[in-house]
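Please open the structure in your viewer and keep the sequence beside it, since this tour proceeds by selecting residues one group at a time. Each stop says what to select and what is to be found there.

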Amino acid sequence: IVTENVDFPDILIADADMITCLVPSAQLDATGSDQGPAFNISWTTQDGLILTGAGTLSPEVGSAGTYDLVIVNQNNGCESTGSITVEAALDVPEGTLEASGVLTCVTDEVDLQGQITTDPTNVVFSWGTDQGTYTSNTNTLQPQVGATGLYWLILEDQVSGCTDTLE
């Protein structure tokens, strides 16, 4: 009697989180796949970065890319493969910041001119100062100031979490 054992390993990979400036790595999850001492597990990538756990069902990865999982059933040599693509949102907002003039004996206020030069759709901003004084509302990209000091504008992309500080 001839029998066969062609039991291929089951692979189940959950969707991965997106890599951002705030979350610079992602944990892959293939724990729903066949596992145990009879299975050899191996992750590889051509365009990503495996940080830890390449021989486990839940490796940590540090960049966007396609990650390939191979599970081999050691009892019969049957091999299954699966893959997942990890995406990244790493857009850094860009902008400019200038003062409209100089404070003098006759000019006691000047406008700061902040501008977002990248797509402003997901960008929020905030103002800060060290020893300066804002004389108007800072909910605008053109606030007025009335004292010397260091002023800065922080731009943050709400999708990627990336920031840029302009002085």
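Which residues of the largest nonpolar core touch the most other members? Bearing in mind that this is a predicted model, select L28, W43, Y67, L69 and V86, which have that place among the 15 residues of the core. Now colour strand 3 (39-45), strand 6 (65-73) and strand 7 (79-86), each of which supplies at least two residues of this core. A second, separate core has 13 residues, and L97, L141, L153 and L166 are included in it. Nonpolar side chains tend to be buried together in soluble globular proteins.

Stay for a moment with V86 and display its surroundings: leaving aside residues up to four places away in sequence, V86 touches A16, D17, I19, A26, L28, V61, S63, A64, G65 and Y67.

Next, select strand 13 (150-157). In a regular strand the side chains alternate between the two faces of the sheet. In strand 13 the covered face carries Y151, L153, L155 and D157, whereas L150, W152, I154 and E156 lie on the uncovered one. Add strand 11 (residues 123-130), which pairs with strand 13 in the antiparallel sense over eight bridges, and look for T129, which stands opposite Y151. Then add strand 14 (163-166), which runs antiparallel to strand 13 and is joined to it by four bridges; here D164 is the bridge partner of L155. The hairpin of strand 13 and strand 14 has five residues between the strands, and among them you can check the backbone of G161, which takes a positive phi near 80°.

Return to Y151 and show the aromatic rings. How many aromatic pairs does a search of the whole structure find? There are two. In one of them, Y134 and Y151 meet edge-to-face, at 5.3 Å centre to centre and with 80° between the planes. This pair links distant parts of the chain, as Y134 belongs to the loop between strand 11 and strand 12 and Y151 to strand 13, 17 residues apart. Adding W127 to the selection completes one aromatic cluster with Y134 and Y151. Y151 counts as buried because its relative accessibility is 9%, which is under 20%.

The next stop is the cysteines. The structure holds one disulfide, and selecting C21 and C162 shows it, with an S to S distance of 1.7 Å. The torsion about this S-S bond is about 75°, so the disulfide is right-handed. The two cysteines are 141 residues apart, with C21 in the loop between strand 1 (19-20) and strand 2 (26-27) and C162 in the loop between strand 13 and strand 14. Are these cysteines buried or exposed? C21 is partly exposed at 38% relative accessibility, while C162 is buried, with a relative accessible area of 1%. Compare C78, which counts as buried at 8% relative accessibility, with C105, which is exposed, its relative accessible area being 87%.

Finish at an open sheet of three strands, whose order is 9-10-12 and whose pairing is antiparallel. Its edge strands, each pairing on one side only, are strand 9 (95-99) and strand 12 (144-145). Select strand 10 (residues 110-116) together with strand 12 to follow the two bridges between them, and find D111, which stands opposite Q144.

Terms used:
Residues numbered from 1 in each chain as written. Predicted model: local features only at pLDDT ≥ 70, side-chain atom pairs only at ≥ 80, totals over all residues. Heavy atoms only, no water. Pairing = 2+ DSSP bridges. Disulfide = S-S within 2.5 Å. Buried < 20%, exposed > 50% of the residue type's maximum accessible area, 1.4 Å probe, protein only. Phe/Tyr/Trp six-rings, centres within 6.5 Å; stacked < 30°, edge-to-face > 60°. Core = buried A, V, L, I, M, F, W, Y, C linked by side-chain atoms within 4.5 Å. Contact = heavy atoms within 4.5 Å.
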